[in-house]
Amino acid sequence: MTTIIKNGTVVTADLTYKADVRVENGMITEIGPNLTGDTVLDATGCYVMPGGIDPHTHLEMPFMGTYSADDFESGTRAALAGGTTMVVDFVLPGQGQGLMDAAKVWSNKSTRAHCDYSYHMAVTWWGEKVWEGMEDSVKAGITSFKHFLAYKGALMVNDDELFASFRRVGELGGLAMVHAENGDVVAELTAKLLAEGNTGPEAHAYSRPPQVEGEATNRAIMIADMAGVPLYVVHVSCEDSHEAIRRARQQGKRVWGEPLIQHLTLDESEYFHPDWDHAARRVMSPPFRNKAHQDSLWAGLMSGSLSVVATDHCAFTTEQKRFGKGDFSKIPNGTGGLEDRLPMLWTHGVGTGRMTPNEFVAVTSTNIAKILNCYPKKGAVLVGADADLIVWDPEKEKTITASAQRSAIDYNVFEGQTVKGLPRFTLTRGHVAVTEGAVTSREGHGQFVAREARPPVNRALSQWKDLTAPRPVLRSGIPATGV
Ligand code: URP
Ligand code: ZN
Ligand code: ZN
Ligand code: ZN
């Protein structure tokens, strides 16, 4: 069976041109004028783009005493509705649990996925078993490893563990990732705020000021540099963190920054809403920031110092958020956005002239596929690439409401916002999953995307780790071994 996407304008990260696209057996088999086939999808007036890739989701994740409410079924259905055709979810091993045992749990959950998916591995504790498991993880196609510098007493790793793990990731040719907030300082500020009687959701933001993020980002960058590993900083929310990333990139370090659509479009005033539920629903880490930080994130996307836009989709119901009534530190951290990332970014990025359609494709899909090493299978409109495609109607509008969303939660942080730019069709490996807002995808259609490690290209660039230079001799007379 052949499907032809007809009369559209193909938009990739670097080209814009009129062409039809032929899709067969889940792949793109031809791009050119006047194609014919069994089924025709009319793309008149639309852009034909690679489907979105969300590099950061938490589906059915055990966290803060509960589970995130969207699982692989509802989460990937929501993704497709909004034009995202692949998600990269975090495998979260429990304390003492082997990495591949945790990966097995995730494999079971993801059998319900409507679209393709891949995994990052979280390094939530440190020991011989983790060190060994990392090689198995890479062999299994899970080549990126996230480290939490926050969530003290739960997921947080210390600097000695971070350095050891980063070196291991580097030696395996993997990608190090970091949640950069100083967990020790957050814990101190949280205790102080609670002791002073500040128990409401607005105190969450005060417990995690931009400085905790700037400090941790700088620290992670320096430690990654000493370990010789490329670094991906998740959910960059502020200038303090962005500045560190910008500087590292200027120095030639392979460091990438990932802002979220939430931080780009929502600000800290949300936490001062008189309705407790409204504010608590927006509690996430890092928290929403002020306009100056938002401007910095947009500037980073426009200039290329920030590379991708994600959601960190980690959705909790209002009932779950209420676990934190009387103590903001118990409000499950996380917000949703899987269905809304593309329309929101198009509206606020392309619609305002801050971003070209090509740049939109780059930050929502192509750059992600390249950084995570699944390009051009994903993130491309090329012959031989998977037919994960969106036929994007730049004139189609809607107002976002929780009542119409696919996510399993009972609210939407973008409620009431009008977006202009929506998928007319979404295709997942050639299957038409969405037609004009109607989702007809199939549970279980999604497949795991294994990603290969790359040669360890990112030897530390700082002067002190020049392996080719003669070793300096310590006062003891023993040559320094470096790292
Ligand atoms: O608040 C957040 N971001 N929750 C999800 C877990 C994480 O830190 O990414
Ligand atoms: Zn995080
Ligand atoms: Zn996250
Ligand atoms: Zn199929």
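## Two zinc ions side by side

In this predicted model, 3.6 Å separate the zinc ion (ligand 2) from the zinc ion (ligand 3). Each of the two ions has its own set of protein donors, so let's take them in turn.

## The site of ligand 2

Start with the zinc ion (ligand 2), whose protein donors are Lys-146 through NZ, His-179 through ND1 and His-235 through NE2. These donors lie 2.1 to 2.7 Å from the ion. If you want to find them in the sequence, look for the spacing K-x32-H-x55-H.

Two of these donors bring distant parts of the chain together: Lys-146 sits in strand 11 and His-179 in strand 12 (residues 175-179), 33 residues apart. Lys-146 and His-179 are both buried.

## The site of ligand 3

The zinc ion (ligand 3) is coordinated by His-56 (NE2), His-58 (NE2) and Asp-312 (OD), at distances of 1.9 to 2.2 Å. Along the chain these residues follow the pattern H-x1-H-x253-D. A link between distant parts of the chain appears here too: His-58 is in the loop between strand 6 (52-57) and strand 7, while Asp-312 is in the loop between helix 11 (291-303) and helix 12 (318-321), 254 residues apart.

What is the geometry of the site of the zinc ion (ligand 3)? With 4 donor atoms and angles of 83 to 139 degrees among them, the site is irregular. A tetrahedral site would need all angles between 85 and 135 degrees.

Are His-58 and Asp-312 buried or exposed? The cut-off for buried is under 20% relative accessible area. His-58 counts as buried because its relative accessibility is 4%, and Asp-312 is buried with a relative accessible area of 7%.

## The largest pocket

How much space lies in the largest pocket? The volume is about 520 Å³. This pocket is lined by 29 residues, and those closest to its centre are Phe-63, Met-64, Tyr-151, Ala-154 and Leu-155. Strand 7 (62-63), helix 2 (99-109) and helix 5 (183-195) are the elements that each give two or more residues to the lining.

As for chemical character, the lining of the largest pocket divides into 16 nonpolar, 10 polar and 3 charged residues.

## Aromatic pairs and a cluster

The model has 12 aromatic pairs. One of them joins two residues already met at the pocket: Phe-63 and Tyr-151 form an edge-to-face pair, 5.2 Å centre to centre, with 85 degrees between the planes. Because Phe-63 lies in strand 7 and Tyr-151 in the loop between strand 11 (144-148) and helix 4 (159-171), this pair ties together parts that are 88 residues apart in sequence. Both Phe-63 and Tyr-151 are buried.

A second pair to look at is Tyr-117 with Tyr-119, which counts as tilted because the planes of the rings are at 40 degrees, with centres 5.7 Å apart. Tyr-117 is buried at 8% relative accessibility, and Tyr-119 is also buried, at 3%. Elsewhere in the sequence, Tyr-47, Trp-346, Phe-360 and Trp-392 form one aromatic cluster.

Terms used:
Residues numbered from 1 in each chain as written. Chains lettered and ligands numbered in written order. Predicted model: local features only at pLDDT ≥ 70, side-chain atom pairs only at ≥ 80, totals over all residues. Heavy atoms only, no water. 1 Å grid on protein atoms, 1.4 Å probe; cavity = no way out; pocket = protein on both sides within 12 Å on 5 of 7 lines; lining within 4 Å. Points joined across faces, edges and corners; volume = space filled by probe spheres on them. Helix = DSSP H or I, 4+ residues; strand = E, 2+ residues; numbered from the N terminus. Nonpolar A, V, L, I, M, F, W, Y, C, P; charged D, E, K, R; others polar. Donors = N, O, S within 2.8 Å, 3.2 Å for Na, K, Ca; no water. Tetrahedral: all angles 85-135°; square planar, octahedral: opposite > 155°, others 65-115°. Buried < 20%, exposed > 50% of the residue type's maximum accessible area, 1.4 Å probe, protein only. Phe/Tyr/Trp six-rings, centres within 6.5 Å; stacked < 30°, edge-to-face > 60°.
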